[in-house]
Amino acid sequence: MAAAKGKQATKGQKQIVAENKSTLQFYRNMALIANALYLVSGFFFFDILTFKQISLLVFSSSLYIGSYQFMASMAKTKYSAEGQLIDSGLDLNMEGGVSEHIKDLFILTAGCQVLSIYSSYFWLLWLLAPGRALWLAWVNFLGPYFQQQSAANQPPEVNEKKQKKLERRMKRQQNR
């Protein structure tokens with residue numbers, strides 16, 4: 001076997017690829033199970049799906065597809081011509097990343113869909129998503145922008161060394 005050119009992928013990159021694959025598989029299965037439960041209950045227990053139920057099913061399914069495709073594009077790996085791992089993609093299990101918010105949306109949608117089998121009022125839980133987005137926007141962007149004081153209103157910061165030097169000068173002038 002010929003020696004491969006380039007740097008071998010570290011165990012960390014291979015582990016990220018494996019974890020991303022299992023994460024995508026988990027959320028795909030979650031979406032399929034939630035849709036299956038919703039459809040089975042709609043057809044067999046309620047005998048008919050209304051226009052509202054079908055439109056909410058289409059919306060939730062499109063949200064699943066969009067979220068899944070977004071996560072899959074984030075986790076896209078790149079391999080060399082020899083088959084070596086060049087780039088493992090972004091880690092979908094990283095805390096505080098965008099994928100965490102996408103996974104939360106996935107879970108919220110699945111929860112709404114499964115709970116709506118019992119009552120259609122559970123679809124209102126989807127209002128938590130824009131509420132969370134507004135909260136994150138306020139905490140990370142809007143709040144600090146509106147709560148910052150202008151530079152003219154703030155007293156100038158004095159260095160500790162300069163403060164001591166100024167105090168010594170004042171003492172010398174008083175002693176004269």
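Buried means under 20% relative accessible area. The exercises below use this cut-off on a predicted model.

**Exercise 1. Helix H5**

Task: Work out how many residues of H5 are buried, and whether the length of H5 agrees or disagrees with the expected span.

Solution:
- Step 1. Helix H5 covers residues 160–175, which is 16 residues.
- Step 2. The number of buried residues among these 16 is zero, so H5 lies largely in the open.
- Step 3. At 1.5 Å a residue, H5 should span 22 Å. The C-alpha atoms at its ends are 23 Å apart, which agrees.

**Exercise 2. The chain as a whole**

Task: State which elements the chain has, in what order they run, and what share of its residues is buried.

Solution:
- Step 1. There are five helices and two strands in the chain.
- Step 2. Read from the N terminus, the order is α-α-β-β-α-α-α.
- Step 3. The chain has 176 residues, and 25% of them count as buried.
- Step 4. Take the contacts between residues at least 6 apart in sequence: 63% of these join residues at least 24 apart.

**Exercise 3. H2 against H3**

Task: Decide whether H2 and H3 are roughly parallel or roughly antiparallel, and list the residues that make their contact.

Solution:
- Step 1. Helix H2 (residues 51–74) packs with H3 at an angle of about 155 degrees, and the axes are 10 Å apart.
- Step 2. Angles over 145 degrees count as roughly antiparallel. H2 and H3 are therefore roughly antiparallel to each other.
- Step 3. H2 and H3 cross in a left-handed sense.
- Step 4. H2 brings Leu57, Ser60, Leu63, Tyr64, Ser67, Tyr68, Phe70, Met71 and Met74 to the contact. H3 brings Val98, Ser99, Ile102, Lys103, Leu105, Phe106, Thr109, Ala110 and Gln113.
- Step 5. Sorted by class, the contact of H2 with H3 has twelve nonpolar, five polar and one charged residues.

**Exercise 4. H3 against H4**

Task: Carry out the analysis for H3 and H4, and give the handedness of the crossing.

Solution:
- Step 1. H3 (residues 98–115) and H4 (residues 128–147) pack at about 160 degrees, with axes 11 Å apart.
- Step 2. H3 and H4 are therefore roughly antiparallel to each other.
- Step 3. The crossing of H3 past H4 is right-handed.
- Step 4. His101, Leu105 and Leu108 of H3 meet Leu128, Ala129, Arg132 and Leu136 of H4. By class these are five nonpolar, one polar and one charged.

**Exercise 5. H3 itself**

Task: Name the buried residues of H3 and test its length against the expected span.

Solution:
- Step 1. Buried in H3 are Ser99, Ile102, Lys103, Phe106, Leu108, Thr109, Ala110, Cys112 and Gln113.
- Step 2. An α-helix has 3.6 residues a turn, so residues three or four places apart point the same way.
- Step 3. The 18 residues of H3 should span 26 Å at 1.5 Å a residue, and its end C-alpha atoms are 26 Å apart, which agrees.

**Exercise 6. Asn35 and Leu124**

Task: For Asn35 and for Leu124, decide whether each is buried or exposed.

Solution:
- Step 1. Asn35 sits in helix H1 (residues 11–45). Its relative accessibility is 16%, so Asn35 counts as buried.
- Step 2. Leaving out residues up to four places away in sequence, Asn35 touches Leu57, Ser60, Ser61, Tyr64 and Gln113.
- Step 3. Leu124 belongs to the loop between H3 and H4. At 53% relative accessibility, Leu124 counts as exposed.
- Step 4. Leu124 and Cys112 are twelve residues apart along the chain, and their C-alpha atoms are separated by 7.9 Å.

Conventions. Residues are numbered from 1 along each chain as its sequence is written. This is a predicted model: local features need pLDDT of at least 70, side-chain atom pairs count only at pLDDT 80 or more; totals for chains, interfaces and linings use all residues. Side-chain values use heavy atoms; hydrogens and water are left out. Axes are lines fitted to C-alpha atoms, for helices over the stretch in contact, and angles run from 0 to 180 degrees between N-to-C directions. Helices (H or I, at least four residues) and strands (E, at least two) are DSSP runs, numbered from the N terminus. Angles under 35 degrees count as roughly parallel, over 145 as roughly antiparallel, 65 to 115 as roughly perpendicular and the rest as oblique. A crossing is left-handed if the near helix is turned anticlockwise from the far one by less than a right angle, and right-handed if clockwise. Contact means heavy atoms within 4.5 Å. Ala, Val, Leu, Ile, Met, Phe, Trp, Tyr, Cys and Pro count as nonpolar, Asp, Glu, Lys and Arg as charged, and the others, Gly among them, as polar. The expected span of a helix is 1.5 Å times one less than its number of residues. Buried means under 20% relative accessible area, exposed over 50%, partly exposed in between (1.4 Å probe, protein chains only).
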